[in-house]
Amino acid sequence: MAGRMEKVATERANGVEADRRAAGNSRKTKKILLIEDQPDLAAALRDNLQCEGYNVEVAPDGEAGLERATRDYFDLIVLDIAMPGKGALEVCRELRQQLITAPILMLSARSQTIDKVLGLKIGADDYVTKPFDMLEVLARIEAHLRRAPSGSGMPGAISQFGPIRVDFRRAEVYRQGSLVALSAREFQLLKYFIEHPGATLSRKELLKEVWGYSGAPSTRTVDVHVFTLRRKLEADPSHPQFIQTIMGLGYKFLG
């Protein structure tokens, strides 16, 4: 009996340790944007988040934060209400107008009740009142990330690369907040690229997986559709950033 109980206890301990490792690994894939103008507070938050395994970028003001949030993908945004220059409420409103759906956690002082209410109304998901307990901030961030769709690997509801935002459920693509008109085949091709980031995809594979061709017919269909996608999505189609040509092999998506 004692031996069996010891075995169960060992298995439980191993299970707990495995869960902790899994949580740590999942956190390492999460990117957090911290928009905070106070250097000491920004450093404290960044260091604690990095200790928890998150990938953290810091923007020193609202203008820089808005630029980074619309350029790159982030799983969560921490935004201080009290900032000079472009205000946090304006940043929050513009993020939602540009279809940035990452959870937004606002940091506020006790006297900023009206700003907290306005922030929640225009799109913020939560707020923490200063001075705050760092453990509470970490717990709230973890809770929001558990509920939010993942932006890495296989696409969930939303995928973003640079200024491009793809809503898979609605089959809609936005560039810098403006809707981009794609044909059904162009959208399917873009989706396949997003599902295989960094992989060199041959024309034969793309014809098979996107068009359903069983053979490898001599056709420039793939090239024509890639050209059209670049024209609609790339800032400079002649020097593509996202869909690159691998000479003699095919294409590679670097979103």
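This passage describes two nonpolar cores, a helix and a loop residue in a predicted model. Residues are numbered from 1 along each chain as its sequence is written, and side-chain values use heavy atoms, without hydrogens or water. Because the model is predicted, local features need pLDDT of at least 70 and side-chain atom pairs count only at pLDDT 80 or more, while totals for chains, interfaces and linings use all residues.

A good place to start is the largest nonpolar core (buried Ala, Val, Leu, Ile, Met, Phe, Trp, Tyr and Cys residues joined through side-chain atoms within 4.5 Å). Among its 25 residues, Val166 and Phe193 touch the most other members. At least two residues each come from strand 7 (164-167), helix 7, helix 8 (203-211), helix 9 (221-233) and strand 12 (250-253), with helices (H or I, at least four residues) and strands (E, at least two) taken as DSSP runs numbered from the N terminus. Helix 7 contributes the most, six residues. A separate core of 20 residues includes Ala69, Leu79, Ala102 and Ile104.

Helix 7 (residues 184-195) has twelve residues and end C-alpha atoms 17 Å apart, in agreement with the 16 Å expected at 1.5 Å a residue, the expected span being 1.5 Å times one less than the number of residues. Its buried residues (under 20% relative accessible area, 1.4 Å probe, protein chains only; exposed is over 50%, partly exposed in between) include Phe187, Leu190 and Phe193. Beyond four places in sequence, Phe193 is in contact (heavy atoms within 4.5 Å) with Leu201, Leu206, Val226, Ile243, Tyr251 and Phe253.

Turning to the loop between helix 4 (88-97) and strand 4 (104-109), Thr101 lies there and is partly exposed, at 46% relative accessible area. Leaving aside neighbours within four places in sequence, Thr101 contacts Arg96, Ile158 and Arg165. The C-alpha atoms of Thr101 and Ile158 are 8.1 Å apart, although 57 residues separate the two along the chain.
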